[in-house]
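This text is a guided reading of one protein model. Please look over the sequence and the 3D view before reading on.

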Amino acid sequence: MLGFQLYPSLVILLSITMVIVDMLGVMVIVGIPLNAISLVNLIMSVGIAVEFSAHIVKSFASCPSADPLIAAKFALVTTGPSVFSGITLTKFVGIVVLAFAKSKLFEVFYFRMFLSVIVLGAAHSLVFLPAFLSLS
């Protein structure tokens, strides 16, 4: 039954927090300063991280099996391809044109940051989440 479930909610919150902390780390490594534009991008990263995480966790929570390992596998098999092709690849195709922008603003604050959040969100939802959920 899908209702309010505390554990999946906390796992989504943990995954979103990890994506944002990782984004801050990427910003330091790549040399993106924290300013109004990058802060707006970080806030949008929260929404994108929710989009990645919520589908996997919802599929995990709706699995008919009570075994967490089977439920994690169920989530990856049923929702993983949709998350990868429907979210990751479509967002990647949408931002790849920004790599060729002549404006440094678009290249730095949009292409680099969005590419980072797509890679980090996909990694957290397709690798971290199933592994962490299978431990429950």
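The paragraphs below go from the overall layout to single helices and then to contacts between side chains.

The model is predicted: local features need pLDDT of at least 70, side-chain atom pairs count only at pLDDT 80 or more, and totals for chains, interfaces and linings use all residues. Residues are numbered from 1 along each chain as its sequence is written, and side-chain values use heavy atoms, with hydrogens and water left out. The pLDDT score is the predictor's confidence in each residue, from 0 to 100. Its mean over the protein is 90, and 98% of the residues reach 70 or more.

The secondary structure consists of 4 helices and 0 strands, where helices (H or I, at least four residues) and strands (E, at least two) are DSSP runs numbered from the N terminus. Read from the N terminus on, the order of elements is α-α-α-α. Along its principal axes, the C-alpha trace spans about 50 × 25 × 25 Å. Of the 136 residues in the protein, 38% are buried; buried means under 20% relative accessible area, exposed means over 50%, and partly exposed lies in between (1.4 Å probe, protein chains only). Among the elements, α1 has the highest mean pLDDT (93), and helix α4, residues 104-133, has the lowest (90).

Helix α1 covers residues 6-30 and includes Leu13. Leu13 also belongs to a nonpolar surface patch with Phe4, Leu6 and Leu10, and the four together have about 460 Å² of accessible area. Such patches are made of residues with over 30% relative accessible area and no salt bridge; like charges are joined within 9 Å, and nonpolar side chains (Val, Leu, Ile, Met, Phe, Trp, Tyr) within 5 Å. The areas come from the Shrake-Rupley method with a 1.4 Å probe, and for residues only the protein chains shown count as cover. Thr17 is another residue of α1, and it is partly exposed, with a relative accessible area of 41%. The C-alpha atoms of Thr17 and Ala49 are separated by 8.9 Å, although these residues are 32 apart along the chain.

Ala49 lies in α2, where it is one of the buried residues, along with others including Leu42, Ile48, Phe52 and Phe60. Helix α2 has 26 residues and reaches 37 Å from its first C-alpha to its last, close to the 38 Å expected at 1.5 Å a residue. The expected span is 1.5 Å times one less than the number of residues in the helix. There is nevertheless a bend of about 25 degrees in α2, at Ser53; a bend at a residue is the angle between axes fitted to the seven residues ending there and the seven starting there. Ser53 itself is buried.

How far apart are the end C-alpha atoms of helix α3? This helix, residues 68-96, has 29 residues, yet its ends are only 37 Å apart, short of the 42 Å that a straight helix would reach. A kink of about 50 degrees lies at Thr79 in α3, shortly before the proline Pro81. Thr79 is among the buried residues of α3, which also include Pro68, Gly80, Val83 and Ile95.

The structure holds 3 salt bridges, each a side-chain nitrogen of Lys or Arg within 4 Å of a carboxyl oxygen of Asp or Glu. Side chains of opposite charge can pair when their charged atoms come close. In one of the bridges, Glu51 pairs with Lys91, with the closest N and O atoms 3.3 Å apart. This pair links distant parts of the chain, since Glu51 is in helix α2 (residues 36-61) and Lys91 is in helix α3, 40 residues apart. Glu51 is partly exposed at 29% relative accessibility, and Lys91 is partly exposed at 26%.

Helix α4 supplies another pair: Glu107 and Lys104 form a salt bridge with the closest N and O atoms 3.4 Å apart. Being 3 residues apart in the helix, Glu107 and Lys104 are separated by about one helical turn. Glu107 counts as buried, at 14% relative accessibility, whereas Lys104 counts as exposed, at 56%. Glu107 also meets Arg112 in a salt bridge, at 3.2 Å from N to O. The shared partner joins Lys104, Glu107 and Arg112 into one network.
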